[in-house]
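Trainee: Please take one small part of this model and go through it closely. Then relate it to the rest of the chain, as far as the computed values allow.

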Amino acid sequence: MHRDSSAAGKARALDGERCASLTMDSQAAAESVFREESGRIIATLIRLAGSFDRAEDALQEAFASALATWPKTGIPTNPAAWLMTTAQRKLIDQGRRERTQREKEDSVRYEIETFRPATEPELETAMHLPDDRLRLIFTCCHPALNQEGQVALTLRTLGGLSTPEIAKAFLLPEPTLAQRLVRAKRKIQEAHIPYEVPPAERLRERLEAVQTVVYLIFNEGYVATSGERLVRTDLCSEAIRLGRVLRDLMPEQSENLALLALMLLHDSRRAARVRNGELVTLEDQDRSLWDQNKIGEGQALVEKALKRGPVGQYQLQAAIAALHSEAKTASETDWGQIAALYRKLLDFNASPVIALNRAVAVAMSAGLEQGLQEIKAVGASGQLDRYYLFHAAQADILRRLGRKKESASAYETALELATNKVEQQYLRRRLAEVQNHLR
């Protein structure tokens with residue numbers, strides 16, 4: 001009797017472990033497919049529902065159903081197709097609940113019934129709808145929305161990030177981020193912003209806005225504006241994923257290839273950029289830690305983009321990143337060609353930051369003194385007075401020239417302006433080094 005009870009207890013324990021394991025597997029599968037496919041699903045749902053909020057509610061309900069159902073029934077053969085079909089059914093349920101919107105309900109029901117397979121579909125069937133992500137990208141990045149709203153809405157819809165995740169990534173209070181999303185959606189509705197790919201004559205300027213938003217997301221991840229960490233890998237990964245979506249949806253656009261290449265080449269250095277919690281500059285990085293797969297993919301994309309032309313600013317930036325990636329050691333870097341590429345880049349964007357980068361490349365190729373004079377010339381307008389990297393660049397060149405007192409002063413100014421803790425720590429270390437030489 002004791003043995004039977006013991007065996008039954010073990011069986012119950014094993015069943016419990018299997019259930020727990022199945023629940024964890026189901027949750028992991030649901031979260032994975034939600035993150036990977038939510039952009040595609042939400043884009044179609046928005047087209048069907050004509051509303052961001054209705055579409056998001058339907059997808060969230062479908063996700064909740066997956067978490068409740070999959071541990072009992074097992075993970076579907078095609079989880080993404082299951083989510084799509086379930087979300088479409090949720091839209092019908094919403095229509096039934098909203099009796100005052102009967103006309104909209106009939107429209108939604110008609111489109112869903114038209115596209116929905118009779119049985120549980122495979123992905124190829126369920127997703128064999130027009131890919132609405134391109135329309136969604138251009139809607140999220142419409143020029144009528146401010147840039148903060150564009151970034152938040154792009155990450156929320158196409159990136160699949162939750163409001164708390166986006167708020168945390170940009171170090172914003174959650175209510176502030178939520179308000180940005182509400183305002184952006186309201187603006188789309190009130191301004192009757194069309195859910196469409198813009199016509200050919202407006203495509204270029206609108207595409208540039210889309211690319212800018214994706215690259216802004218990446219840059220915030222690559223060098224966090226503030227906080228304890230230098231790199232936010234979640235944002236870098238989301239931006240690269242969005243870059244791949246943009247490349248896949250508009251493969252004929254060479255700047256899309258170049259943007260993806262640029263992000264991959266920068267991100268390839270991620271593992272080498274921080275050591276023991278401290279910033280490591282490009283010159284001092286252990287290049288054996290660079291991700292050769294990302295470098296290979298990025299270099300191939302750069303070559304393809306440059307051949308396709310016409311040359312744009314992302315091609316030039318990606319070409320610069322490719323030159324850095326080709327150098328086996330810092331001393332092998334082709335600074336002369338990098339300076340020439342920055343000069344060409346200034347024709348597209350006469351930004352003082354690009355001019356500063358060119359001046360640094362001149363210092364490393366044509367001579368420190370010449371580069372220092374160009375840096376000072378760039379700063380003469382005063383536009384970079386509050387830009388800490390301007391002062392850090394001067395400090396570094398002055399340090400290399402042996403002008404320690406001037407270098408220390410520039411490092412002090414840079415330290416006052418820097419807001420990221422890791423960068424502040426690096427500047428303090430450099431400042432202490434030059435100050436020690438003054439004693």
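**A salt-bridged stretch of helix 18**

Mentor: Arg-399 and Asp-396 are three residues apart in helix 18 (residues 388–400), so about one helical turn separates them. The model is predicted, and what follows is computed from its coordinates. The two side chains form a salt bridge in which the closest N and O atoms are 2.7 Å apart. Both Arg-399 and Asp-396 are buried. For Asp-396 the relative accessibility is 16%, and the residue counts as buried because the cut-off is under 20%.

Asp-396 also forms a salt bridge with Arg-400, and here the closest N and O atoms are 2.8 Å apart. Asp-396 and Arg-400 are four residues apart in helix 18, which means that about one helical turn lies between them too. The surroundings of Arg-400 can be read from its relative accessible area of 30%, which makes this residue partly exposed. Asp-396 is thus a buried acid that is bridged to buried Arg-399 and to partly exposed Arg-400.

Helix 15 (residues 335–348) offers a pair to set beside this one: Arg-343 and Asp-347 are four residues apart there, so about one helical turn separates them. Their salt bridge has its closest N and O atoms 3.5 Å apart. Arg-343 is partly exposed, with a relative accessible area of 43%, and Asp-347 is exposed at 53%. In helix 15, then, the acid of the pair is exposed, whereas Asp-396 in helix 18 is buried.

These bridges belong to a total of 21 salt bridges in the structure. Some charged residues are joined into a network of such bridges, namely Glu-278, Arg-429, Arg-430 and Glu-433.

The wider setting is a protein chain with 20 helices and two strands. Of its 439 residues, 49% count as buried. Among contacts with a separation of 6 or more, 67% join residues 24 or more positions apart. The accessible surface is about 21,600 Å², with 50% of this area belonging to carbon and sulfur atoms.

Gln-211 gives one local view of such long-range packing. This residue sits in helix 10 (residues 200–222) and counts as buried because its relative accessibility is 3%. Beyond its neighbours within four places in sequence, Gln-211 is in contact with Leu-246, Glu-255, Asn-256, Leu-259 and Tyr-314. Glu-255 is 44 residues away from Gln-211 in sequence, yet their C-alpha atoms are 8.5 Å apart.

The empty space can be described in the same manner. The second largest pocket holds about 440 Å³. It is lined by 20 residues, and those closest to its centre are Gly-50, Ser-51, Phe-52, Lys-185 and Gln-189. Helix 1 (2–49), helix 2 (52–73), helix 4 (102–115) and helix 9 (174–190) each give two or more residues to this lining. Helix 9 supplies the largest share, seven residues. By class, the pocket lining has nine nonpolar, five polar and six charged residues.

There are also two cavities of 30 Å³ or more. The largest cavity has a volume of about 90 Å³, and its lining consists of Phe-34, Ser-38, Ile-42, Glu-56, Leu-59, Gln-60, Arg-156, Thr-157 and Gly-160. Helix 1, helix 2 and helix 7 (147–157) each contribute two or more of these residues. Three of the lining residues are nonpolar, four polar and two charged.

The second largest cavity has about 40 Å³ of space. Ile-137, Cys-141, Thr-154, Leu-158, Val-210, Val-214 and Leu-242 line it. This lining has six nonpolar residues, one polar residue and no charged ones. Charged residues are therefore absent from the lining of the second largest cavity, while the lining of the largest cavity has two.

To return to the starting point, Asp-396 is bridged to Arg-399 and to Arg-400, and about one helical turn separates Asp-396 from each of them.

Methods. Residues numbered from 1 in each chain as written. Predicted model: local features only at pLDDT ≥ 70, side-chain atom pairs only at ≥ 80, totals over all residues. Heavy atoms only, no water. Buried < 20%, exposed > 50% of the residue type's maximum accessible area, 1.4 Å probe, protein only. Contact = heavy atoms within 4.5 Å. Areas by Shrake-Rupley, 256 points an atom, 1.4 Å probe, with all protein chains shown as cover. Salt bridge = Lys/Arg side-chain N within 4 Å of Asp/Glu carboxyl O. 1 Å grid on protein atoms, 1.4 Å probe; cavity = no way out; pocket = protein on both sides within 12 Å on 5 of 7 lines; lining within 4 Å. Points joined across faces, edges and corners; volume = space filled by probe spheres on them.
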